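Here is my note on the model you sent. Please read it with the structure open.

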Amino acid sequence: MDNLPPNHFLNLPRPDVFLPALAGTPDTSTLAAHDFDVDTRTGFMPPEPPLTRLPSAWEPWEAVLEDAIQSRLQLADKPDLSDHEKNEAERWRNRVRELPILPITELKTSEVRLRRAHHVLAWIMHFYVHTTPTAVRNIHIPPPVTVPHLQVCAQLQLPPVLTYSDDVLYNWAFKTPPAPNALFAPKQELHNLRCLTLFTGTRDEEEFYLSSARIELRGVEALSVMRAIMDEAFVGDAIAVRRITSYLRVLADVIGEMRQLLADVRKGCDPQVFYDEIRPWFKGADSDTQGRKWVFDGIELDPTLEEPTELSGPSAGQSSLIHALDIFLGVDQYSHSNFSVGGRKASSHPTGSSDAAPTAAPSTTALSSAPCPPKVPFLTRMQSYMPRHHRAFLRHLQANPRPLRRLVAQSTDWALREAYDVAVTALKEFRDEHVRIVALYILIPSRKAAAGATGEDGAPKGTGGTDAFQFVKGVRDQTAGALLAQRR
């Protein structure tokens, strides 16, 4: 892939909040970094390993999270939970309740520290919620967590719950740090990663998160190809069309490699271990099959805070990379539309010609965590769980005045149309693999559990609160519906 010129704004270094800018260094904060936070080397992953610990002023948070991990706290609904395990969990929750309510004023100057604070507080909250005895109907989050967590979330414009960014984007370090001043090559680092925080400490959990991290890094080349295609689309002559055709086939190959990385999760994460021991930890409130309410105590202590409404938990649907591919290929008008899931009413296919540009997605900043109303597709709602800079990137991509799908659909160049369908097919096959993963990791174990006990009622839900298998199958089918060949 052609490299951007060294003075292109996307190739300029991003400012570090901890260091003063060097004299004469161009300010890229508004366009390249501040608005989008998408790096040419690491894509939606941060260009440097995430912060591993907050400064000493917030050490009580770090210490209590470390205590939870080292104490190997167990899920409250674990079969045959011992008295020792129950007492250890209660001891830890008492320690959380006795924490001071720490101010976040000094955190506001650093995006990196705010991200770490969200990571730490969200993990503490999930440990607290999921070790609370199942007989407790309303789970009260104590003020020492509620107040700073909601304040941090207000700064980051994120919900107060674990997100994909907490588990994947900002939850890694290098096993072996690359040599200083070495050129970063994402494909060479795919298996040089480890996780910072785990609920279970198992290789299965770590591999589950890292499989997504590897997809994000492999997808960096897809973002470069997309950028090159957009440049050629602005030219629009015969040479540009030939180049776009070639780039689309490269894009299809990259998506194919991402699909293989998704399939490789089987090598390190056992489906039954995932379903029984890992998945319950990061369920959000609207994935709770018992319908328990999360109550945020102490919210009245800060009049600027509002009662949380988005509590879905992390989901692969929160990957900005996959959303970017959908939007760029014009598939989002199909894959992000509503369809019947779990008996809900489906909306119709997008109206108008298939050649039309996709319409802008509705705002997702204040949507309820209750079952998604038909007018707000689940994948659209999941954008409110992404880092705000990445949401800005998706909006920018969606506002492209020369959308690829329209260009291809209006073209009579057979090779271009075929290459476009090859790329869409690659994305559909990526989702084929996702369907298989959900069947293996959620559907089959849930049926085994149902056969052995009267456990979960209804269809198995994904970590984001959806009827998992039917949802991913529906998104896959909708993606296939975007192929141009069947519309001739």
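The points below cover the overall fold, the aromatic pairs and one cavity.

1. **Status of the model.** This is a predicted model. Please keep that in mind for every value below.

2. **Overall make-up.** The protein chain has 18 helices and 4 strands. It runs to 488 residues, and 56% of them count as buried. Its accessible surface is about 21,600 Å². Carbon and sulfur atoms hold 53% of that surface.

3. **Contacts along the chain.** Take the contacts in the protein chain with a separation of 6 or more. Residues 24 or more positions apart make up 79% of them.

4. **Aromatic pairs.** How many aromatic pairs does the structure hold? The count is 15. One of them joins Trp172 and Phe174, with ring centres 5.3 Å apart. Their planes stand at 75 degrees, so this pair is edge-to-face; the cut-off for that class is over 60 degrees. Trp172 has 3% relative accessibility and therefore counts as buried. Phe174, at 12%, counts as buried too.

5. **A tilted pair.** Tyr209 and Phe282 also pair, with ring centres 6.2 Å apart. The planes of Tyr209 and Phe282 meet at 55 degrees, so the pair is tilted. This pair links distant parts of the chain, 73 residues apart. Tyr209 sits in helix H7 (residues 203–218). Phe282 lies in the loop between helix H11 (271–278) and strand S4 (293–296). Are these two residues buried or exposed? Tyr209 counts as buried because its relative accessibility is 2%. Phe282 is at 2% as well, so Phe282 counts as buried.

6. **The aromatic cluster.** Tyr209 and Phe282 belong to one aromatic cluster. Its other members are Trp92, Trp123, Phe127, Phe199, Phe208, Phe274, Trp281 and Tyr441. I would show this cluster in a figure panel.

7. **Cavities.** The structure holds 2 cavities of 30 Å³ or more. The second largest has a volume of about 90 Å³. Which residues line the second largest cavity? They are Glu111, Arg115, His118, Leu156, Leu158, Ser165, Asp166, Tyr170, Pro387, Arg388 and His389.

8. **Where that lining comes from.** Three elements give two or more residues to the lining of the second largest cavity: helix H4 (111–131), helix H6 (164–169) and helix H15 (388–398). H4 supplies the largest share, 3 residues. By type, the lining of this cavity splits into 4 nonpolar, 3 polar and 4 charged residues.

Key. Residues numbered from 1 in each chain as written. Predicted model: local features only at pLDDT ≥ 70, side-chain atom pairs only at ≥ 80, totals over all residues. Heavy atoms only, no water. Phe/Tyr/Trp six-rings, centres within 6.5 Å; stacked < 30°, edge-to-face > 60°. Buried < 20%, exposed > 50% of the residue type's maximum accessible area, 1.4 Å probe, protein only. Contact = heavy atoms within 4.5 Å. Areas by Shrake-Rupley, 256 points an atom, 1.4 Å probe, with all protein chains shown as cover. 1 Å grid on protein atoms, 1.4 Å probe; cavity = no way out; pocket = protein on both sides within 12 Å on 5 of 7 lines; lining within 4 Å. Points joined across faces, edges and corners; volume = space filled by probe spheres on them. Nonpolar A, V, L, I, M, F, W, Y, C, P; charged D, E, K, R; others polar.
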